[in-house]
There are 2 protein chains.
Amino acid sequence: MIRTAAVVGTGLIGTSTGLALSRRGVQVHLLDADESAARVAAARGAGTLEPPAAPVDLAVIAVPPTRVAQVLVEQQGRGLARSYTDVASVKSATALAFAGHAVHRPSYVGGHPMAGSERSGPQAARAELFEGRPWVLTPGPETSSTALNGVLAAVALCGAVPVVMEPNAHDRAVALVSHAPHLVAALMAARLGDASRETLGLTGQGARDVIRVAGGDPTLWTDIIRSNAQAVGEVLGELAKDLEALAQALHTLETSGGAVGGSDLGSGGGRGADSEGALASVRELLLRGRDGWAAVYEPGAASGTG
Amino acid sequence: MIRTAAVVGTGLIGTSTGLALSRRGVQVHLLDADESAARVAAARGAGTLEPPAAPVDLAVIAVPPTRVAQVLVEQQGRGLARSYTDVASVKSATALAFAGHAVHRPSYVGGHPMAGSERSGPQAARAELFEGRPWVLTPGPETSSTALNGVLAAVALCGAVPVVMEPNAHDRAVALVSHAPHLVAALMAARLGDASRETLGLTGQGARDVIRVAGGDPTLWTDIIRSNAQAVGEVLGELAKDLEALAQALHTLETSGGAVGGSDLGSGGGRGADSEGALASVRELLLRGRDGWAAVYEPGAASGTG
């Protein structure tokens with residue numbers, strides 16, 4: 001169990017953690033270089049602005065990925081806590097730039113709660129943010145059981161589900177299920193930014209959902225993407241290949257008259273082989289898309305929905 | 001006003017139209033080459049399977065885009081209705097392949113209700129599907145006032161908002177706000193289809209929203225994309241340019257060590273100019289994405305959220 005905690009960084013995730021832990025009776029101390037953010041978090045009930053009189057059971061370092069190593073070493077140096085975790089959305093030592101910092105490994109367990117919002121800051125925080133969500137932990141061979149159990153207790157108090165992963169596997173996974181989708185949403189949203197008012201008036205729930213996460217904080221997301229550049233770049237490379245094939249197929253349909261062809265898909269009807277191949281290519285991408293959709297939305301069903 | 005109507009094609013849109021019109025007291029006749037679909041629609045209360053004894057006031061041709069011209073000419077030839085509309089998601093004569101068919105123009109008004117679902121078929125239909133949604137109409141110089149007013153009455157009975165547009169402008173608009181977002185969702189979903197169960201377990205609401213529409217019917221969407229190949233291709237070309245620039249920036253960050261650089265964005269800290277430029281490029285895309293998000297989600301606010 002933990003009785004005292006510190007939250008360093010009172011943004012959305014830090015403040016939500018403070019709210020969740022405070023609600024369960026943990027004495028939470030809030031620290032933030034931005035004093036106004038810390039005051040908002042305290043006013044919302046996430047904890048106290050008073051510094052702890054003795055080392056707390058657990059410090060949650062809730063700062064952007066590129067800041068974690070430096071802040072962690074600083075707080076370990078001043079003895080803020082017995083155990084430490086962070087909430088950065090990348091977890092490998094490379095991504096977190098641990099090489100240049102003397103991190104004390106036994107007292108640290110990397111963490112990443114898989115929860116968020118397109119809104120940011122302490123105002124957007126909610127005690128329920130983590131309920132039922134995965135919270136990835138990346139203990140290493142040097143991690144003490146005190147540190148691991150302290151973090152597991154905090155995750156349980158937040159109502160989240162702990163998932164232990166190897167740091168590099170985590171970073172590849174979130175590149176695919178979080179960082180690349182964020183960039184795809186931003187790419188599409190960027191195109192809509194150029195649209196006329198009349199065109200935007202036709203926007204439906206479909207496009208709104210596709211771009212929703214693009215409302216997230218550009219500064220935070222620049223930091224996240226930069227920290228996971230290699231893994232995200234690999235996913236984008238695969239996406240670019242599929243996009244290129246799709247664009248080529250549409251070009252073929254446009255120039256071969258496939259777009260104004262016969263009435264039934266696949267029935268020939270005077271279209272050329274190029275056009276048939278292009279149609280098959282579009283359809284194959286859409287079928288793969290639906291299989292991916294089903295893997296996420298209907299994980300219990302058998303694969304192969306096409 | 002209209003007192004009688006026919007719905008040709010009892011999929012999601014046709015059946016929803018039938019439900020909405022029937023609820024408002026219109027006598028609706030249902031026609032579908034797939035008799036079982038028509039029976040489901042009738043059982044749900046969308047109309048009767050009895051053929052009309054005399055021409056109805058309005059026939060709604062609710063078949064896929066590549067089928068519209070042929071079905072429209074067939075039904076005009078047998079005198080099904082006094083006026084005709086369709087619900088295809090493309091509207092130019094080229095996209096609908098009108099060139100090869102003797103469409104009677106005065107009695108026809110092109111239509112496109114901007115409503116849908118990732119589910120399809122008469123089972124997914126709802127009378128409320130169109131409430132408050134834009135319903136694009138594309139009358140031409142030959143359109144009779146009888147036809148235009150018949151369609152306007154039907155749109156009003158469905159609770160939708162009529163929007164008159166020029167057909168080519170409509171097709172370019174929906175390429176941007178509907179067809180390209182659908183393909184972007186499918187491209188991202190296709191990548192998730194290859195993921196392990198552990199990775200998929202980390203998928204949050206953000207990625208779920210990005211890919212939601214990829215659950216749509218691949219056959220219908222192949223037809224839609226094919227019919228609007230040129231306009232969709234232009235949007236994808238722009239997307240591909242941005243994606244390429246983004247992938248290049250990530251590659252630069254990865255190889256220049258920008259990913260493990262200093263602690264503050266834009267502070268230099270030993271990174272090279274290449275890396276700074278790459279970071280600026282990522283950030284610029286995310287800022288443009290947020291501007292596009294704001295144009296859709298906060299249309300009343302001033303532009304430039306970055």
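# Two chains, one shared surface

B:Arg191 touches six residues listed here by name: A:Leu176, A:Ala180, A:Val235, A:Glu238, A:Leu239 and A:Gly292, leaving out residues up to four places away in sequence. The model is predicted. Chain B contributes 98 residues to the contact with chain A, and chain A contributes 98 residues too. A turn of 180 degrees lays chain B on chain A.

**B:Arg191**

- B:Arg191 sits in helix α5 of chain B.
- Is B:Arg191 buried or exposed? B:Arg191 counts as buried because it has 22 C-beta neighbours inside 10 Å, and the cut-off for a buried residue is 20 or more.
- B:Gln76 is 115 residues from B:Arg191 in sequence. In space, the two are 45 Å apart, C-alpha to C-alpha.

**The contact between the chains**

- The contact takes 98 residues from each of chain B and chain A.
- On the side of chain B that touches chain A, the elements giving two or more residues include α3 (65–78), β6 (134–138), α5 (167–192) and α10 (273–297) of chain B.
- Which element gives the most to that side? The answer is α9(B), with 19 residues.
- By class, this side of chain B has 58 nonpolar, 24 polar and 16 charged residues.

**Symmetry**

- Chain B fits on chain A with an RMSD of 0.0 Å, after a turn of 180 degrees and a shift of 0.0 Å along the axis.
- That is the relation of a two-fold axis.
- B:Val210 comes closest to the rotation axis of the residues of chain B, with its C-alpha at 2.0 Å.
- The same surface serves both copies, as 100% of the contact residues of chain B recur in chain A.

**Helix α8 of chain B**

- How many of the 10 residues of α8(B) are buried? The count is 8, so α8(B) is mostly covered.
- The buried residues include B:Pro218, B:Trp221, B:Asp223 and B:Arg226.
- Both chains help to cover the buried residues of α8(B). From chain A, the cover includes α9 (229–256) and α10 (273–297). From chain B, the cover includes α3, α5 and α9.

**Chain A and the nonpolar core**

- Chain A has 10 helices and 7 strands.
- The C-alpha trace of chain A spans about 85 × 45 × 35 Å along its principal axes.
- Chain A has 306 residues, and 58% of them count as buried.
- Take the contacts in chain A with a separation of 6 or more: 70% of them join residues 24 or more positions apart.
- In soluble globular proteins, nonpolar side chains tend to be buried together.
- The largest nonpolar core here has 204 residues. A:Ala5 and B:Ala5 have the most contacts inside this core.
- Beyond its neighbours within four places in sequence, A:Ala5 is in contact with residues including A:Leu21, A:Val26, A:Val56, A:Leu58 and A:Ala154.

**An unusual backbone angle**

- Most residues other than glycine have a negative phi.
- A:Ala97 is not a glycine, yet its phi is positive, at about 60 degrees.
- Where is A:Ala97 found? A:Ala97 is in the loop between β4 (81–86) and β5 (108–113) of chain A.
- A:Ala97 is buried because 22 other C-beta atoms lie within 10 Å.
- B:Ala97 also has a positive phi, of about 55 degrees. B:Ala97 lies in the loop between β4 (81–86) and β5 (108–113) of chain B.
- B:Ala97 counts as buried, with 21 C-beta neighbours inside 10 Å.

Key. Residues are numbered from 1 along each chain as its sequence is written. Chains are lettered from A and ligands numbered from 1 in the order in which they are written. This is a predicted model: local features need pLDDT of at least 70, side-chain atom pairs count only at pLDDT 80 or more; totals for chains, interfaces and linings use all residues. Helices (H or I, at least four residues) and strands (E, at least two) are DSSP runs, numbered from the N terminus. A residue is buried if 20 or more other C-beta atoms lie within 10 Å of its own, exposed if 12 or fewer, and partly exposed in between; C-beta atoms are placed from the backbone. Two residues are in contact if their C-beta atoms, placed from the backbone, lie within 7 Å. Ala, Val, Leu, Ile, Met, Phe, Trp, Tyr, Cys and Pro count as nonpolar, Asp, Glu, Lys and Arg as charged, and the others, Gly among them, as polar. Copies are superposed by least squares on the C-alpha atoms of residues with pLDDT of at least 70 in both. A nonpolar core is a set of buried Ala, Val, Leu, Ile, Met, Phe, Trp, Tyr and Cys residues joined through C-beta atoms within 7 Å.
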